[in-house]
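Hi,

Here is the structure I promised to pass along. Have a look at it first, and my notes on the disulfide and one of the sheets follow below.

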Amino acid sequence: MNRTTQSLIGAAAALAAITSLAALTGPDASSGSAATAERLPVERSTLLCPAPSSSDLAETAYTSFTPKSEVTSAAGQKSSADLLPASRGVDGAEDPGAGERDGKGAKDDKDSRRGKRDGKDARAGAGERAGKPVVALKTPGTPATATTSNAEAPALIGTAEGSLASGWSAQQTTVIGVGRGRGVHGVACTAPDTEFWFPGVSTGEQRHDYIHVSNPDNAAAVVDLEMYGKGGLLKTTAGEGITVPARSSVPVLLSTLTTEPADDATLHVVARAGRVGASVQAADSRVGGDWMPAAADPSGAAVLPGIPKDATSVRLVAMATGDDDADLKVRLAGPSAQITPAGHETLNVKSGLTTVVDLGDVTKGEPGSLLLAPAEGSEPAPFVAALRVTRGKGGKQETAFIPATGAIEAQATAADNRAKGSVLSLVAPGETAKVKVVSSAGSGGGTAAGKTYTVKGGTTLAVTPPVPSGVKGSYAVTVVRQSGGSVHGSRMLELPRGGVPMFTVQNLPDDRGTVAVPEATQDLSLLTE
């Protein structure tokens, strides 16, 4: 090996080390090092959207958005953000609401399911099958949208590059008017990962829960599905070694994996090969349904933001994921202070067992967020948690899910908002925080608007985000953390229909739109001499 080759290899190794450090760490203030770090925008992002519904009654709106940024990408770099159709990993799988055209049953009609009900749907289906972008975002600051009522609308795989990659978000919002799965099914498209937790799934008779697993890469992924009920790990018949073909999506009906019905369970999804996106679509024959996003990674504390003020029923589902039980104190952060829900001051969450607590109408007419932390004198133990929230009464009830979510470190976006019906909930579990809320121009026109809010420590602030002037179409809402303590958030979208308070809730995790790149302390040019 000659000297030139050795020098090039050494330089490459040094660059790789710096790049890895940039992706994983920032400056260590405690070390007293003089090294500084600059935050640079990510230059490539991947998002995965599950197939919306196979119901002939489903109407789906897609929204793609990247906020404007003061930090620019490299000059001359190509910018694009396209959501493309995935392949169908399993043929013939049905999801909640499949085949229900009139709410009277699951009669199937092949022409209907192929998107041939009218010219618009037929063209949409043809475009999806041809592999053309379903949504193509062109510029930051203005959402791109598309709609479909095609019962065979596929899952989507998206990639953003250049100036459209940093902070890119996408959402699909599906309305099913009647029948099984009735309601607003909203979900934020997610980045691929290797592990997901879903507390709150069910294999009970009234529920039809599907886990949708999508693979963005050109090689097959292999996933394992485990479910834990109140008595521990459920015996599964086909949960191990599920293959998800390259660039495809596979839906799995959870009740087919076990012979043990469980009204409340925790689903653990692990990719043993490759990386995937995962979301659960839950449908209840009595109280509608919604998408269930993954909960925040197991931790010793959790924040579940944005319980609606008119919630008639709130159910907490949690599980300790490690070897130790989690002894927790339970607090509700309301508009003015934290309170302890009556009869639920503390909670013991068993290791490997799903724990369920019915909190009833815990908010009592005021918006709130649930805070879970180690009980006094207890050591932190990792757990996952989520809420099932019900609004309405009798035959006009509707449900949505609020999993634990991480803090907004820099910014987070809810991509699909309408002129009416959006409620933004922000909670500061510790110190008071200051945020700026920016509402983009509408997809069809309008002028962006913004407002600064102070979230008092230990409280929940629920507001209608500023509506863009002259807004046409949907608009995006971006929360930018400015100062103070940590802040967590969610956005509720209300789309009532026929007296039913249809709604969906999306959490606002940080968009991870930038990465810290520490200043190099070594002159790499010396390595090539």
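Two strands count as paired here if DSSP finds at least two bridges between them. Please keep in mind that this is a predicted model.

With that in hand, let me start with the sheet. Strand 21, residues 311–320, and strand 27, residues 383–391, run antiparallel and are joined by nine bridges. Within strand 27, V389 is the residue that stands opposite V314.

These two strands belong to an open sheet of four strands, with the order 25-21-27-28 and antiparallel pairing. Its edges are strand 25 (355–360) and strand 28 (398–403); each has a single partner strand, so one side of each is left without a neighbour in the sheet. From one strand to the next, the twist averages 20°.

Now to the cysteines. How many disulfides does the model have? The count comes to one. The cysteines that form this disulfide are C49 and C189, with their sulfur atoms 2.0 Å apart, which satisfies the cut-off of within 2.5 Å. The link of C49 and C189 is right-handed, with 105° about the S-S bond.

What does the pair tie together? C49 lies in strand 2 (residues 44–49), while C189 is in the loop between strand 10 (183–188) and strand 11 (195–201), so the disulfide ties together parts that are 140 residues apart in sequence. As for exposure, C49 and C189 are both buried.

Happy to talk it through whenever suits you.

Best wishes

Technical notes. Residues are numbered from 1 along each chain as its sequence is written. This is a predicted model: local features need pLDDT of at least 70, side-chain atom pairs count only at pLDDT 80 or more; totals for chains, interfaces and linings use all residues. Side-chain values use heavy atoms; hydrogens and water are left out. Buried means under 20% relative accessible area, exposed over 50%, partly exposed in between (1.4 Å probe, protein chains only). Axes are lines fitted to C-alpha atoms, for helices over the stretch in contact, and angles run from 0 to 180 degrees between N-to-C directions.
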